[in-house]
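Let's take a walk through a protein together. Have a look at the picture first, and then we will go through it step by step.

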Amino acid sequence: MGRKLQFEIFRFNPQDPLSVPRMQTYFLEETDKMTLYIALNRLREEQDPSLIFDFCCRAGICGACAMVINGRPGLACQTQTKDQPAKIILHPLPVFKLIGDLSVDTGVWFREMYNKTESWIHTNKVIDPHQQEERMENEVAEQIYELERCIECGCCIAACGTARMRDDFMGAAALNRIARFMVDPRDERSEDDFFEVIGTDAGIFGCMGLLGCEDVCPKQLPLQNQLGYLRRKMGITAVKQLVPALGKIKLDKLKIGKFIPGGDK
Ligand code: SF4
Ligand code: SF4
Ligand code: FES
């Protein structure tokens, strides 16, 4: 017989004028290989059909089931109850707009942030659809792929002290996205162009570098590498803008390093 799990779940429906924020207690017997996703579905099916939470893929791919699990952002479908204490406390992700109970709207936040960071390839080239695809170096393609693995779950934003304090902060996911376009040879933006986008306190200079983001990222993206790299690169760009003569110095001479997927920090 499995453990008797006690769930303390945040309940609030902002659409319902009679709803008040509260914690609600549920009990459930633990089964073999039970994930939080399974537990929540059983609670909804067997005890409380009004419980609101999101899921889609059950495989750690869609990012929809992210929530705060015993104080730590994570994916419900990738969290086994056996790895949690018998009392499991669930809250919705902070920062994002609450839809109800454990469900938040991450889509609007990510769309706004990607618009703000101009998260697309900037090029003046006219694409001829009949031409053969341009080849890309394998190493570069792998670097881009590594950063493209983000599933937009929002865990890194929820774990970020700066994002909790200021709602214009881009957060690790958007900064990682900028790093992805910096690597891409098809993007013709200059360092100054990127500086325009992220060289502020709402961008890379607002990051406190404590790396809660990397600790909770369920896809283990190399966020620490990216944030450090962007901070050094944008710092040098700021100095070059202040002292134009420095612009002639090659960045690699200033030891800012370069992007190494999953490599040393
Ligand atoms: S390292 Fe920067 S982006 Fe990551 S959690 Fe800390 S402040 Fe946020
Ligand atoms: S960087 Fe990681 S934690 Fe942040 S949104 Fe992407 S997958 Fe989620
Ligand atoms: S349901 Fe898709 S990541 Fe959990």
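How are H7 and H9 oriented to each other: roughly parallel or roughly perpendicular? Keep in mind as we work it out that this is a predicted model.

Start by finding the two helices. Helix H7 covers residues 191-198, and helix H9 covers residues 223-242. Their axes come within 10 Å and cross at roughly 110°. Angles of 65 to 115 degrees count as roughly perpendicular, and therefore H7 and H9 are roughly perpendicular to each other.

Now zoom in on the place where these helices touch. From H7, the contact uses Glu-191, Asp-192, Phe-195 and Ile-198. H9 answers with Leu-230, Lys-233, Met-234, Thr-237 and Ala-238. Sorted by class, the contact of H7 with H9 is made of five nonpolar, one polar and three charged residues.

Next, step back to the whole protein. The domain assignment splits it into domain 1, residues 4-104, and domain 2, residues 117-254. Between the C-alpha centres of domain 1 and domain 2 there are 32 Å. The two domains also touch: 15 residues of domain 1 are in contact with 12 residues of domain 2.

Which strands help to build the side of domain 1 that touches domain 2? Strand S3 (66-69) and strand S4 (72-75) each supply at least two residues of it. S4 gives the largest share, with four residues. By class, this side of domain 1 has 10 nonpolar, four polar and one charged residues.

Definitions and conventions:
Residues are numbered from 1 along each chain as its sequence is written. Chains are lettered from A and ligands numbered from 1 in the order in which they are written. This is a predicted model: local features need pLDDT of at least 70, side-chain atom pairs count only at pLDDT 80 or more; totals for chains, interfaces and linings use all residues. Domain bounds come from an automatic or database domain assignment. Two residues are in contact if their C-beta atoms, placed from the backbone, lie within 7 Å. Ala, Val, Leu, Ile, Met, Phe, Trp, Tyr, Cys and Pro count as nonpolar, Asp, Glu, Lys and Arg as charged, and the others, Gly among them, as polar. Axes are lines fitted to C-alpha atoms, for helices over the stretch in contact, and angles run from 0 to 180 degrees between N-to-C directions. Angles under 35 degrees count as roughly parallel, over 145 as roughly antiparallel, 65 to 115 as roughly perpendicular and the rest as oblique.
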